[in-house]
Amino acid sequence: MSTVCGIFGCLSDTAPQAIFEGLKRLEYRGYDSVGIAVIRGKKVTVEKNKGRIAEFITSIDTAQIESDVGIGHTRWATHGAPCKENAHPFTDCTGTVAVVHNGVLENFMQLREELLKKGHKFSSNTDSEVIPHMIEEGLASGMSLKDSVVGAANSIKGSMGCVVISSREPDRIICLRRESPLVIGISKKGTFCASDIPALLPFTRKVMVMQDDTIAILKRGKIEIEDLCGHAIKPVFTVINWSQSVAEKGGYPHFMIKEIFEQPLAIKETLKIPLNFIDRAAGLMEGKVYLTGSGTSYHACMSASYQMAKRLGIDARPIHSSEFTDAVSELEGATVVAVSQSGETADTLSAIKYAKSKGAKILGITNTLGSSITIISNAYICTQSGPEIGVAATKTFLTQLTALDMLMLRIGLRRGKLSEEEYRTGRRQLNGLPKTVEEILGSSERIKSLAMKYFTRRDAFFLARGANVATAMEGALKLKEISYIHAEGYPAGESKHGPISLVEPGFLCIFVAPTDSARGRVIGNVMEMKARGAKIFSIITRGDSEMGQVSDDYFEIPQVADFLYPIISTVPLQLFAYNVAILKGLDPDKPRNLAKSVTVL
Ligand code: F6R
């Protein structure tokens, strides 16, 4: 199961070399296993292993995989550990079909059960492995390879970027796209497909992005496209003139903005995490509860602690990981929720090792399967953001909050704090998140114009109340780390206890002030700042004219349930920080003095 792995397939004179070259072009994302399948005689030959492409190539006998048709895959594990067995490609029982797959199959358990009953043998614990066996069923009933792939697609629920070869029809590659990207291309060098444009660029600049629920039949010198009902679709190619580095960023100028725009998909995939994972995690939550993390991940902890207290009556204390050993001693029977996108942050690992040694159970929430946190924790939830390259955490923060909300809903139900009806409503509201975030991203130009107005400021306060305080702190962290503007995020009600003395005419105060239960009290804090000449820029719920009137500038977000505001309010703040950094001529992907993963204490 994987959402953003690398796929490459080709019909070309030296297919394996082309496959390795293509996969290397995708490797900047940081994959953990690799595999290749080629057609040789009446069988397909598969080589795969854990690790990076360079080591892989030196570890295999390339003479044994020489061929003019093949497919390859680099995996970034999300479910099913990063190991040889779980690496793609997967084959059927006859060894004549090989498949690489990106995406998440929602009904794979049921399909696997059915296939097991029919005598199929499985060798991995991935969802993807059901696909070659389903194709095998189709072929056994006399269908063509293409029809067998369509037949499998019709029974599968979930997302698929899927590429298939079979020694029964060795002149072709079948590609299927549903909600997981695939691009195809053709040139004198051969016919190619990949999960992302950069992989195709050494071979062709004439590419076509496949549409959802379409099939491509690749042959030497020929590409046919059909919908799932077999109607032909005319291929429309685009000539790509991007450089390699722009191509890696999918046409965006920076990884950070690409990753901000990937948030709807990252949330959507995270919402597909199977309930049994969430329930195993929820079952761990007994005794005292602590939440720990660093930086952005600490903000996710803070947000969750507010929500746990407010919605579920659970007193869950958030503690910076670097402070943990000094802040807590009684941990027997407690649960420590450790949040870390990388799963390798030294401060967080040190906190959970300490907690474990004192008798606590650890629940990890990470974006990196196979990371240290998944090994140390008693249970873990793996968010489905895909690799995050930009140093500033963006999509991983939103998916951490999403996963924590999914967890809270389950805990609420288990502990009788939420009725079945309230649980279902909560899930429905969560399921609406990708669309809402997409809507906000659609107004990104408005944030650009606000960034123009304020990018020369030297200081900024980010203020809010309740769970949105964590969002305000996250907004301040984003701005300071990539634009080097001094920014502080703290509870709006604290201003009068000191910070307000800094405010003079023109001082920028950014309020996160959606219409939740705290909104009425935030107005008072806005007025205090205005009275000292501060410039007020607020994130407000659409149609909140009162808040709009007291603000110098505002950005409207859609109305959602209160518990979702911390998530959606973050998006304009990320966009603001990004645009300010750009206007200041800074590289948001590589802020000074910072590293993506902080592995020192
Ligand atoms: C901020 C940022 C850092 C990380 C922090 C923890 O944009 O990325 O503050 O959030 O270093 O990293 P993880 O989540 O990997 O433990």
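A polar contact, as I will use the term this morning, is a pair of N or O atoms within 3.5 Å. With that in mind, let me take you through this structure, which is a predicted model, starting at the ligand.

Ser340 gives a contact of this kind, since one of its polar side-chain atoms lies 2.6 Å from an oxygen atom of the ligand. Ser297 does likewise through its side chain, where an N or O atom is 2.5 Å from a ligand oxygen. Val391 takes part through its backbone instead, with a polar atom there placed 3.4 Å from an oxygen atom of the ligand. On its own the ligand has 400 Å² of accessible area, and the protein covers 90% of that.

Who else is in the shell? There are 14 residues around the ligand, and those that come nearest are Ser297, Ser340, Ser342, Thr345 and Glu481. Sorted by class, the shell holds eight polar residues, four nonpolar and two charged. Helix H11, spanning 295-312, and helix H19, spanning 468-483, are the elements that each supply two or more residues to this shell. As for where the ligand sits in the overall fold, it lies between domain 2 (251-431) and domain 3 (437-587), because both of these domains give residues to the shell.

Let me move on to the largest pocket, which holds about 830 Å³ of space. Its lining is made of 32 residues, and Arg177, Pro181, Lys258, Glu262 and Leu265 are the ones that lie nearest its centre. The elements giving two or more residues to that lining are helix H8 (255-261), helix H9 (263-270) and helix H17 (433-441), and of the contributors H9 gives the most, with four residues. By class, the lining divides into 13 nonpolar, 10 charged and nine polar residues. At the level of domains, at least three lining residues come from domain 1 (3-245), and at least three from domain 2 (251-431).

I would like to finish with two points of backbone geometry, both of them in loops. The peptide bond that joins His88 and Pro89 is cis, with omega at about 0°, and Pro89 itself is placed in the loop between strand S4 (69-75) and strand S5 (90-91). The other point concerns Glu179, whose phi is near 60°, a positive value in a residue other than glycine. Glu179 is found in the loop that runs between strand S8 (173-178) and strand S9 (183-187).

Methods. Residues are numbered from 1 along each chain as its sequence is written. This is a predicted model: local features need pLDDT of at least 70, side-chain atom pairs count only at pLDDT 80 or more; totals for chains, interfaces and linings use all residues. Side-chain values use heavy atoms; hydrogens and water are left out. A residue is near a molecule or strand if one of its heavy atoms lies within 4 Å of it. A polar contact is a pair of N or O atoms within 3.5 Å; within protein, one must be able to donate a hydrogen and the other to accept it, and residues adjacent in sequence count only if both atoms are side-chain atoms. Accessible areas come from the Shrake-Rupley method with a 1.4 Å probe; for residues, only the protein chains shown count as cover. Ala, Val, Leu, Ile, Met, Phe, Trp, Tyr, Cys and Pro count as nonpolar, Asp, Glu, Lys and Arg as charged, and the others, Gly among them, as polar. Domain bounds come from an automatic or database domain assignment. On a 1 Å grid over the protein atoms alone, a cavity is a set of points where a 1.4 Å probe fits but cannot get out, and a pocket is an open set with protein on both sides within 12 Å along at least five of seven lines; lining residues have an atom within 4 Å of a point. Grid points are joined across faces, edges and corners, and a volume is the space filled by probe spheres set on the points.
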